[in-house]
Amino acid sequence: NKQSCQDKGATALLSKPPSNHHLLIISKMEDKLERVNKRLKDARDDLDKHLDKAQTEEKRLQDKLHDIDERKRQCAAANGDVNVSDDDLIEINAGGKIIAARRGVLCQLKGTKLEALFSGRWEQKLQRDSSGRIFLDVNPKAFQAIVDWLNVLAISSEEEHKKRMPTVNEENNHLLKHQMALFVGGDFETKTMNCLFGNSNLPNAANNSASPLFVGGETREGGSRMVAEIIGAIKEKWGTLKELEADISSLEESFLKEEQFIETFVGGEGETSDIVTLNVSGTIMATQRASLQVIEDSVLAQQFDNTKWTEQSNRPNVMEWTPDEVAQWVKGINDVPEEVSQLFIENEIRGSELFALDKEGLKMLGVKRVGTICLLSDAICALKREANEDAVTLIEHSPYCFGKILDYLRLKRLHSINLLAEKPALPSFSEDKRAMFETVVRYYFPGESSKLILNERKSAPPSGFSFGGVELYPPSNGFGRPSPLQAQGPRPIFGHAAAPAPSFAFGIDPRGAVFD
């Protein structure tokens with residue numbers, strides 16, 4: 001009975017209409033929920049709007065990056081090779097030294113001149129030696145140090161990268177510095193880190209407050225962790241997009257400058273870009289003829305001017321032979337019947353096609369006798385070797401001294417065509433080589449021109465040797481030779497006299513030996 005009474009009381013209570021107080025509470029709750037729901041909807045719409053804006057910006061940057069890649073592909077199709085691979089082995093003739101590396105190693109610093117050179121986009125424009133290797137007119141020791149460094153970068157962690165930069169001995173430090181500025185960029189340490197791991201100079205993405213959604217709108221103290229996570233993620237998104245835009249702009253700018261760099265580096269306007277191979281007392285060096293001519297009126301500039309260089313590099317240009325010239329060459333091969341030469345005219349075989357002919361090709365041409373085929377095959381191989389051989393010029397001086405001069409001339413040329421911003425310093429050398437170096441410089445750069453290379457010191461000029469109080473010959477260069485200032489001209493080199501040879505006087509050299 002007690003339970004029954006309680007149930008009847010509860011039913012009666014529930015059946016009563018709500019009081020005004022209760023209605024007021026419900027109304028306030030509904031208004032508050034409506035306002036909160038509207039705020040949530042507005043916040044969600046605002047969030048969606050800015051997420052869409054970020055997504056649109058991301059797509060724009062991706063399209064821009066795709067456009068750059070497409071322009072690079074078109075450039076490779078026109079000037080290079082679209083089928084290159086990171087595993088391609090690249091052989092480089094760096095100033096006479098052969099250096100080999102994988103394409104992927106050489107191209108890992110994206111957006112640099114180094115990457116442009118070996119990317120494959122400019123294969124047809126790069127200068128090559130007679131063996132088809134890419135030629136770079138640079139100091140080989142410094143470039144080898146850069147390649148060694150790149151090999152290490154390819155297998156190192158980010159922390160290890162920061163501890164390593166290419167190194168050479170102190171005498172060659174300035175050469176390495178100039179090469180790094182040329183191929184990587186002025187601030188090459190920062191540039192390297194940015195190329196490998198992104199732009200570290202930009203604001204930290206996670207702390208970037210440049211998001212258009214949250215300018216002036218930080219989370220309130222005590223706000224939910226979820227909201228803070230959303231805000232942090234969106235800030236990071238906009239920070240990353242900002243970094244990406246900076247990287248893409250840098251890539252675009254470097255690509256626009258690529259062709260100009262390639263054209264200028266291979267051979268500046270009005271320059272003679274022939275490759276000159278030098279045998280410097282047994283040490284092989286190679287350079288562009290333009291580098292040897294950079295100081296006008298010097299002995300080197302005269303020796304390698306157009307007239308004398310044509311005499312030195314007088315090799316058969318077989319690749320440009322006409323069918324008649326090919327046939328004339330065939331007629332000159334001993335024991336080959338004269339009628340065989342007619343086959344080359346009938347089939348219109350040009351010089352470029354001559355090198356492609358093997359024994360099967362000669363048979364298809366109509367040559368039937370086995371002996372004649374063998375004679376022709378041997379003669380074609382010998383002609384190919386002759387055409388590919390470099391014209392080597394002998395330099396009878398110290399490789400150390402001449403190498404210093406050549407390195408300076410290379411840098412001076414690069415500075416003159418605006419590829420190096422910093423004017424190259426005068427050559428540095430060990431003190432025990434000073435006398436020899438100055439002698440060689442004055443030999444090739446007589447008179448005032450020597451001051452362009454030597455850092456002249458105020459000292460008395462060297463006196464000549466005398467015997468019994470009688471001067472036997474004028475002031476000498478220290479090796480028993482008259483100074484180039486008194487000489488009529490340079491010595492003939494490798495049989496190609498650049499100027500009349502000097503007349504030597506009778507005298508005694510510093511070691512006491514009598515000579516004439």
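**Reading helix faces and cavities**

Reader: Which residues of α13 are exposed on the side away from its buried residues?

Author: Asp324 and Gln328 are exposed on that other side of α13. Exposed means over 50% relative accessible area, buried means under 20%, and partly exposed lies in between (1.4 Å probe, protein chains only). Helices (H or I, at least four residues) and strands (E, at least two) are DSSP runs, numbered from the N terminus. The model is predicted, so local features need pLDDT of at least 70 and side-chain atom pairs count only at pLDDT 80 or more, while totals for chains, interfaces and linings use all residues. Residues are numbered from 1 along each chain as its sequence is written, and side-chain values use heavy atoms, without hydrogens and water.

Reader: Which residues of α13 are buried?

Author: In helix α13, which spans residues 323–331, the buried residues are Pro323, Val326, Ala327, Trp329 and Val330. Viewed down the axis, they fall within an arc of 160 degrees, and therefore line one face of α13. The arc is that of the directions from the helix axis to the C-beta atoms.

Reader: Which residues are buried in α14, and which are exposed on its opposite face?

Author: Helix α14 (residues 338–346) buries Val340, Ser341, Leu343 and Phe344. These cover an arc of only 145 degrees around the axis, which means that they lie on the same side of α14. The face turned away from that buried side carries the exposed residues Glu338, Glu339 and Glu346. After α14 comes glutamate 348, whose phi is positive, near 50 degrees.

Reader: How many helices and strands does the protein have, and what share of its residues is buried?

Author: The protein has 19 helices and 10 strands. Of its 516 residues, 39% count as buried.

Reader: How is empty space found, and how many cavities of 30 Å³ or more are there?

Author: Rolling a probe the size of a water molecule over the atoms shows where empty space is left. A cavity is a set of points, on a 1 Å grid over the protein atoms alone, where a 1.4 Å probe fits but cannot get out; lining residues have an atom within 4 Å of a point. Points are joined across faces, edges and corners, and a volume is the space filled by probe spheres set on them. The whole structure holds three cavities of 30 Å³ or more.

Reader: What lines the largest cavity?

Author: Its lining includes Asp137, Asn139, Leu175, His178, Arg410 and Leu414. Helices α7 (173–183) and α18 (399–416) are the elements that give two or more residues to this lining. The largest cavity contains about 90 Å³ of space.

Conventions. On a 1 Å grid over the protein atoms alone, a cavity is a set of points where a 1.4 Å probe fits but cannot get out, and a pocket is an open set with protein on both sides within 12 Å along at least five of seven lines; lining residues have an atom within 4 Å of a point.
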